[in-house]
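Q: Please take a close look at one part of this structure and explain how it packs against its surroundings. Then follow the connections outward to the contacts, charges and backbone features found elsewhere in the chain.

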Amino acid sequence: MTRRLFLTLLACLMLVAPASAFAGDTVTVKWATLAPEGTTWFKALRQIGDKWQEISGGSVQVKIYAGGVVGNETAMVRKMRIGQLHGGQLTNLGLVDFDPGPQAIQAPMLVRTNEELDYVMANLGPTFEERLAEKGLVVLNWGDAGWVHLFTNEAMTKPDQTKGFKMYAFDGDPEAVKMFEMFGFQPVVMTATDVLPSLQSGLINSFPSTRLGALSLQWFALSKNMLEVPWAPLMGATVISKDAWDSIPAEYHEAFMKAARDVGDEVRGEIRRQDVKAVKVMEKFGLTVHSVDDATRAEWQALGEKAADGWAGKVVPPEIYAEVKRLVAEHRSKNP
């Protein structure tokens with residue numbers, strides 16, 4: 001705790017200076033990520049920074065604040081708005097503060113496979129980027145964070161067993177709270193950085209997370225039951241504010257964008273492999289995976305669709321949600 005406090009204070013002091021700092025002809029880009037150092041997500045951000053430095057001959061430097069040291073995604077977005085950060089890695093939960101369009105992917109149990117996800121993003125990704133650009137955000141690449149599953153301290157396999165589970169709900173997403181209530185959970189709103197101590201204290205006893213996230217953050221150790229029904233894919237993007245992007249010499253823009261996209265493509269497959277592998281690792285440390293039969297899976301999916309239909313118009317633009325549903329249906333019709 002002392003080390004974490006020190007790192008937090010140090011990060012805050014370093015962020016007092018304007019995010020776009022010039023030292024002669026040098027531009028310093030400040031990025032943040034919730035991913036701890038050493039994770040694939042952090043390494044990807046570091047790799048982009050190293051490539052940018054190489055392409056620019058050292059005139060563009062990238063500094064990364066990892067592991068949530070500057071706060072959760074809401075805090076990251078706030079610091080971006082006041083110029084203390086340039087950007088970094090944001091999931092759809094953070095991107096919604098700029099534009100709600102990409103969060104349509106998070107509709108529970110709508111997109112169910114990586115193939116469906118890739119098909120939707122191939123068709124809607126450019127639209128999401130245009131919408132975010134209008135809000136002053138440049139998307140450098142899209143990335144996967146894995147498939148969200150429900151982790152609980154006691155076994156849960158059926159929708160009628162949700163009562164009594166105090167479920168972590170992301171701070172800043174009130175409609176998600178209502179959605180969890182529709183499923184019968186007792187949502188408890190908090191920041192991601194408060195989840196682990198809240199699991200330890202019993203304030204919550206369940207949480208939604210990707211399998212890789214639950215392993216990386218060690219949350220699963222306190223809720224060792226996982227429902228093998230994917231809730232939704234957790235998407236994210238590496239982003240930079242338009243002001244910061246414009247402060248970088250235009251001669252580097254094309255090469256910088258290509259470098260970021262190449263890294264994103266490389267990492268996507270690795271994250272998907274690790275997300276699956278994470279289950280086997282957690283099982284070695286006591287995780288129990290609860291599979292369900294087709295009838296029970298259909299119950300979850302029907303409840304998810306009902307919740308998502310009520311959520312769509314309040315959280316994401318209805319036309320975007322409708323297009324995601326259309327694309328999913330189109331993909332399934334082509335790939336029965």
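A: The buried residues of helix α6 pack against three strands, β6 (166-170), β7 (186-190) and β8 (206-210), and against helix α11. The model is predicted, and the description below should be read accordingly. Helix α6 spans residues 174-183, and its buried members are E175, A176, V177, M179, F180 and F183. The list includes the acidic residue E175. Directly after α6 comes G184, with a positive phi near 100°.

Helix α11, one of the packing partners of α6, covers residues 294-315 and contains E299. E299 is partly exposed, because its relative accessibility of 42% falls between the 20% limit for buried and the 50% limit for exposed residues. On the surface, E299 joins D160, D293 and D294 in a patch of negative charge. Helix α11 thus appears in two settings: the buried residues of α6 pack against it, and its residue E299 belongs to a charged surface patch.

A further residue of α11 takes part in a salt bridge. D309 pairs with K325, and the closest N and O atoms are 3.3 Å apart. Because D309 lies in α11 and K325 in helix α12 (residues 318-334), the pair ties together parts that are 16 residues apart in sequence. Both partners are partly exposed: D309 has a relative accessible area of 38%, and K325 has a relative accessibility of 29%.

This pair can be set beside other salt bridges, of which a search of the whole structure finds 15. D99 and R131 meet through their side chains at 2.9 Å, N to O. D99 lies in the loop between α4 (92-95) and α5 (114-134), whereas R131 lies in α5 itself, so this salt bridge ties together parts that are 32 residues apart in sequence. The two partners differ in exposure: D99 is buried, with a relative accessible area of 2%, while R131 counts as partly exposed at 21% relative accessibility. K135 is also involved, as D99, R131 and K135 are linked in a network of salt bridges.

A local arrangement is found in helix α9 (residues 242-247), where D246 and K242 lie four residues apart, about one turn of the helix. Their salt bridge has its closest N and O atoms 2.8 Å apart. Both residues count as partly exposed, D246 at 44% relative accessibility and K242 at 40%.

Two buried positions outside α6 show contacts between parts separated in sequence. L287 sits in the loop between α10 (253-284) and β11 (288-290). With a relative accessibility of 5%, L287 counts as buried, because that value is under 20%. Its surroundings, leaving aside neighbours within four places in sequence, consist of F151, F220, S223, K224, N225, M226, V279 and M282. For the pair L287 and N225, the separation is 62 residues in sequence, yet their C-alpha atoms are 5.8 Å apart in space.

T238 provides the second case, in strand β10 (residues 232-241). T238 also counts as buried, at 5% relative accessibility. Apart from neighbours within four places in sequence, T238 is in contact with L45, I48, G88, Q89, V138, V139, L140 and N141.

The backbone offers a last point of comparison with G184, the glycine of positive phi that follows α6. Most residues other than glycine have a negative phi. M109 departs from this pattern, with a positive phi near 65°. M109 lies in the loop between α4 and α5, the loop that also holds D99. M109 is buried, with a relative accessible area of 4%. Q218 likewise has a positive phi near 65° without being a glycine. Its place is in the loop between α8 (211-216) and β9 (225-227). Unlike the buried M109, Q218 is partly exposed, with a relative accessible area of 40%.

In review, α6 presents its buried residues to β6, β7, β8 and α11. From α11, the path continues through D309 to K325 in α12, and through E299 to the negative patch shared with D160, D293 and D294.

Conventions: Residues numbered from 1 in each chain as written. Predicted model: local features only at pLDDT ≥ 70, side-chain atom pairs only at ≥ 80, totals over all residues. Heavy atoms only, no water. Patch = residues over 30% accessible without salt bridge, like charges linked within 9 Å, V, L, I, M, F, W, Y side chains within 5 Å. Areas by Shrake-Rupley, 256 points an atom, 1.4 Å probe, with all protein chains shown as cover. Salt bridge = Lys/Arg side-chain N within 4 Å of Asp/Glu carboxyl O. Lys, Arg positive; Asp, Glu negative; His and termini not counted. Charge placed at Lys NZ, Arg CZ, Asp CG, Glu CD. Buried < 20%, exposed > 50% of the residue type's maximum accessible area, 1.4 Å probe, protein only. Contact = heavy atoms within 4.5 Å.
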